[in-house]
Amino acid sequence: MSEQAGERSQQTVAQERLRGALEQYPAVEIGTLLETLSPGATANRRKTERIDLLIRLLSDLAAARLALGTLSPFARRLLRVAHRRGRLSLAALLLAGQDQHHSEETVRDELQDLVRRGVVIVEGNGTSGTKVPLDLSHPTAFLLYLWVPQAIGEALIGTDDDLAPLTPIAQPPAEVVAGAFALLRRDLYLALRFLKQTGLRLTKVGEPHRADIRKLLSAMQGGGSAPPARRSDGAALVEGRLEFLLELLAATDMTVADEQHLWAAADVDRFLNSPEPELARRIFDAWLDLRWSEFRRLNDLAIESWTYSGAGDLPDQARLGVARRAIIECLTAAPSGWIAITDLSERLRQTAPEFLIDRVPIYPPSYYNYYQHYGHDNYYSSRQALEQIYYRGFARADLRSRERRLRKDQDWADVEGAFIAQVIAEPLSWLGLVDLGYQSVKHRADGTPPQAMRLTELGQYLLGKNLCPAAAVTAGGSLIVQPNFEVLVLDALAHLDLVAQLDSFAESQSLDRAAIYHLTRASVVRGLGAGWDLTQIIEVLTAHSREPLPQNVQQTLTDWTREYERVHLYRDAEILEAPDAATLDRWLSDPALGLLLPRRLTPTVALVRRETANEVASILARFGVATKVTNYALDQPQVLVMPSPAQIQIAPEYDDPYLRFRIERFADRQADSEDEGVAYTVSPASLQRAKAAGQSIDDILAFLGYKTQMGLAPDTVLTLRGWSGFFQPFQYAHACVVELPPTANWGDIVRVKALRPLILRILSTNLALVAEADWPKLAAALQHRGIILHEGLQIQPTMDKRSAAQQMAADLGLPTGRDLLAGAVGRQLRSGQREQLRSLQGSQLVDFISNALETEQPLVIKYQKPNERRATLRTVEPHELEVRGGLYYLHGFCRARQGERVFRLSNILGVALAAE
Amino acid sequence: MTEASQPWGARLYRNLSLIECADAATLSEVLAGVAGQHLVRRLSPTVVVVDHSQHEQILKALRKAGYTPRLTGEDRA
């Protein structure tokens, strides 16, 4: 019942489609068609009645069968092509119909006749309000769509046409390249091995990094030979194939990508070791929808940007999938033996002309409205319509100007034909589905497309033409281990599981039909590091070997393993230390704690299972044991006290062996008590010892600066540098200081040639040094020139010098900025606080200022901006510490500037608490 | 089970580098090289703690000296 209802509904839809199309026919054409199908039926009927009658006639299956009987086999072929895709443009049908017996005109006339008989319905391009012209000879008629009514389509089933089956070529090709799935399997294995071991770096857009592609190519070629030069044709082929392999691996979920790398998936070995037919089926299915374009690999076509309406004719991924399936369908229908690729191309043209590219582009209706506005006979509209016969988005690569354009009605062989040849020559051959036939070795070497193809046994199986190919059976063992440590795997591609195992502990030399490995100490150590043990390695080698394992190989493997076990280096280890052996005994015997302590290293120390330290601590806490945790990944600051440059003290709570180790490299231990901690002495000798061991004073100062609780005082830094021999000797000599009055300057004196050598160094405009021995000569010379000399200096502090403006302000009783600064600093100087300015950096400075903020104590800071020549002293009442852009800023009231200011901590050269 | 009566409780050290040798002679041999300069603490005649900040240098020196040390805790062997 429901089937009948469905059939009726389908019929209604078909009739509605017919009605929609016929209503677009001109009234005259409706009358003519009706008169053709039923002479005299037009009498006394209006257009709608005529359409109703036509729909009844065209929906009648019996009438359709009668009509088909009167048609030629060629006409039936055209109808079959049109019916295949439901609707086809006239352009596509004209292309499909042409052969050696039928020109374009013949096909057009045949189709015109079919339209007149009503077995083909004409449809416009969706523009409303315009009637469909039924004249197929009009220059723009190739844009019209033709389709076959449902009844005609049903009647076509079982009828014959004039399309002869494909026939194999008489003469087998001279040069044959056999399709080898084994080769693909080997390359997939090598690529996955590389991805498993090294990974492939990805660029920001997710493409493989070029340098890594070259490394992968090199790894796939056995590492011995370099990949082809970058710009050669060979490189394009090899890289294209590699890109194909990587896409295949991605499509079969054999690779995983994170943000920066492409890696092999976890279960690749299972994938590679699956039986050949199963693996081939999975890969073949993946290729059908592969995100890879054979079209872009056509050397004779240049892809051009297409900026006009629509997406251009470049096939997208979905269309490539359709095209691949159409080619496979054509190959499935082809007989066995060598088939000319041109014959395959012609067959697809005749049966599925739009398998890859539509003849008539799909434009929005507004596009057609535009050109129909002028009428079909208008110059511009005709020209615009004729533009549609060119392929859009690509052109011939070897020509320039308009000549490079390709026509959809003439250049099938250069576009679709070339695409078919490309699909056969590359992916189908790479997948091992087809053998390729070339006219000669030279043709093959030149890169000429193959002349013919033949399905391989695997190809016939995958296309459903043959049963599963028989698996090759290797007699006896597949492994030979030679006394020179060379390991040979026979028929390696059939034993990829064994090859993968050998990869873990042997060096791969080559992989083809046979694989060659070499057992080296490094490779065996690598295998042991990856979790293999000697027994497992020997078991793999003996289980697959034809002969017993050579004695010397077995002995050497044992020696290498013993050597490997001699020294064990732990990184990021975690250990638990008990106060005594009995306590550790109890802890190890505890069911919960014992599980987390896999090994006892010493009577009181046990190894803790990785990343279970917190769990261990919590279990011990449940036992009532206070656990002191020391994490060496965190370098704890401010754990030392330095009362003087020569003394270092570790408080008992911070005492730890590693801290002691670091201090003892440059200091000598003095005292060690549980109550007062450990004390060390730093001396010139201890610092010299550190220097001899390669530790610089800067390293020591950086360590102490970070580790001491109050940072290093300038005096400590100076002393330690001095003790370490950091400074070169200071030079001194007795000299006289000569001060000039404001009315003179040293320029007046040094211009006198005789006096110039007597002056040792000019310090400022009014101060200079004169060597003690030269002073009597200079004094005499000056007195000779009438200059009076007084003993003693009258050097005025710079702070007291005032400009005219400052003097005026002072006269008016107003404070200047300098006064305020001088006042603030003066107080600091008076109270001796300047001596306490400390050069703190980083977290120490932050901590110091944070303390001042908490206690609301003003600070004295020595502050210098990068663009200022001198540092200034400021007294600041701190208000807030801000972190912005990774930098700290102190907000506070600056007493010198009498306002709110912001100070960057990295510009603070010294800091101290201000005395109130 | 309570350990409150012990003079001090447990000490748990995290992220340190250890060298463990098959015998004391091998350890002496190893410590005669670069590893000896970075010896932090001797736990037993065959186990020592070395400076974790020098782990790479120690490993490199061991390999240079002809050892093929077994590695634990490496991200990638």
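**Exercise 1. Two helices that cross**

In this predicted model, work out in which hand H2(A) passes H3(A) and how the two helices lie to each other.

*Solution.*
Step 1: Start with the hand. H2(A) passes H3(A) in a left-handed crossing.
Step 2: Now get the geometry. Helix H2 of chain A covers residues 27-37 and helix H3 of chain A covers residues 47-58; their axes come within 10 Å and cross at roughly 40°. That angle makes H2(A) oblique to H3(A), because oblique is the word for angles that fall in none of the roughly parallel, roughly perpendicular or roughly antiparallel ranges.
Step 3: Look for the residues that touch. On the H2(A) side you'll find Ala27(A), Ile30(A), Gly31(A), Leu33(A), Leu34(A) and Leu37(A). They meet Lys47(A), Arg50(A), Ile51(A), Leu53(A), Leu54(A) and Leu57(A) in H3(A).
Step 4: Sort them by class. The contact of H2(A) with H3(A) has 9 nonpolar, 1 polar and 2 charged residues.

**Exercise 2. Another helix pair**

Decide whether H23(A) is roughly parallel or roughly antiparallel to H24(A), and list the residues that meet.

*Solution.*
Step 1: Find the angle. The axes of helix H23 (residues 534-543) and helix H24 (residues 551-566), both of chain A, come within 10 Å and cross at roughly 155°.
Step 2: Turn the angle into a word. Angles over 145 degrees count as roughly antiparallel, so H23(A) is roughly antiparallel to H24(A).
Step 3: Add the hand: H23(A) and H24(A) cross in a right-handed way.
Step 4: Pick out the contact. Leu534(A), Ile537(A) and Ile538(A) come from H23(A), and they meet Gln554(A), Leu557(A), Thr558(A) and Thr561(A) of H24(A). By class that gives 4 nonpolar, 3 polar and no charged residues.

**Exercise 3. A sheet in chain A**

Find the order of the strands in the open sheet that holds E4, E11, E12 and E9 of chain A, and say which strands stand at its edges.

*Solution.*
Step 1: Read off the order. The 4 strands run E4-E11-E12-E9 in chain A, with antiparallel pairing.
Step 2: Spot the edges. Strand E4 (175-177) and strand E9 (339-340) of chain A each have a single partner strand, so one side of each has no neighbour in the sheet.
Step 3: Zoom in on one pair. Strand E11 (residues 434-438) and strand E12 (residues 452-455) of chain A are joined antiparallel by 4 bridges. In one of these, Gly437(A) has Ala452(A) of E12(A) as its bridge partner.
Step 4: See what lies across the sheet. Helix H18 of chain A, residues 412-430, lies across E4, E11 and E12 of chain A and runs at about 145° to E11(A).

**Exercise 4. Meet chain B**

Write down the order of the elements of chain B from the N terminus on, and set its totals beside those of chain A.

*Solution.*
Step 1: Count. Chain B has 3 helices and 4 strands, while chain A has 36 helices and 32 strands.
Step 2: Put the elements of chain B in order: β-α-α-β-β-α-β.
Step 3: Check burial. In chain B, 32% of the 77 residues count as buried; in chain A, the share is 29% of 916 residues.
Step 4: Check how far apart contacting residues sit in sequence. Taking contacts with a separation of 6 or more, residues 24 or more positions apart account for 62% in chain A. For chain B, the matching share is 38%.

**Exercise 5. Where the chains touch**

Which element gives the largest share of the side of chain B that touches chain A, and how does strand E17 of chain A pair with chain B?

*Solution.*
Step 1: Take the whole contact. It brings 43 residues of chain B together with 45 residues of chain A.
Step 2: Find the biggest contributor. E1(B) supplies 11 residues, the largest share of the side of chain B that touches chain A. By class, that side has 23 nonpolar, 12 polar and 8 charged residues.
Step 3: Follow E17(A) to E1(B). The two strands run antiparallel and are joined by 8 bridges; Leu569(A) has Ile19(B) as its bridge partner in E1(B).
Step 4: Follow it to E4(B). Strand E17 (residues 567-577) of chain A pairs with E4(B) in the parallel sense over 3 bridges. Here Leu569(A) is partnered by Leu71(B), and Tyr570(A) stands opposite Thr72(B).
Step 5: Finish inside chain A. E17(A) also pairs antiparallel with strand E19 (residues 605-607) of chain A, over 3 bridges, and Leu576(A) stands opposite Ala606(A) in E19(A).

Terms used
Residues are numbered from 1 along each chain as its sequence is written. Chains are lettered from A and ligands numbered from 1 in the order in which they are written. This is a predicted model: local features need pLDDT of at least 70, side-chain atom pairs count only at pLDDT 80 or more; totals for chains, interfaces and linings use all residues. Axes are lines fitted to C-alpha atoms, for helices over the stretch in contact, and angles run from 0 to 180 degrees between N-to-C directions. Angles under 35 degrees count as roughly parallel, over 145 as roughly antiparallel, 65 to 115 as roughly perpendicular and the rest as oblique. A crossing is left-handed if the near helix is turned anticlockwise from the far one by less than a right angle, and right-handed if clockwise. Two residues are in contact if their C-beta atoms, placed from the backbone, lie within 7 Å. Ala, Val, Leu, Ile, Met, Phe, Trp, Tyr, Cys and Pro count as nonpolar, Asp, Glu, Lys and Arg as charged, and the others, Gly among them, as polar. Two strands pair if DSSP finds at least two bridges between them. A residue is buried if 20 or more other C-beta atoms lie within 10 Å of its own, exposed if 12 or fewer, and partly exposed in between; C-beta atoms are placed from the backbone.
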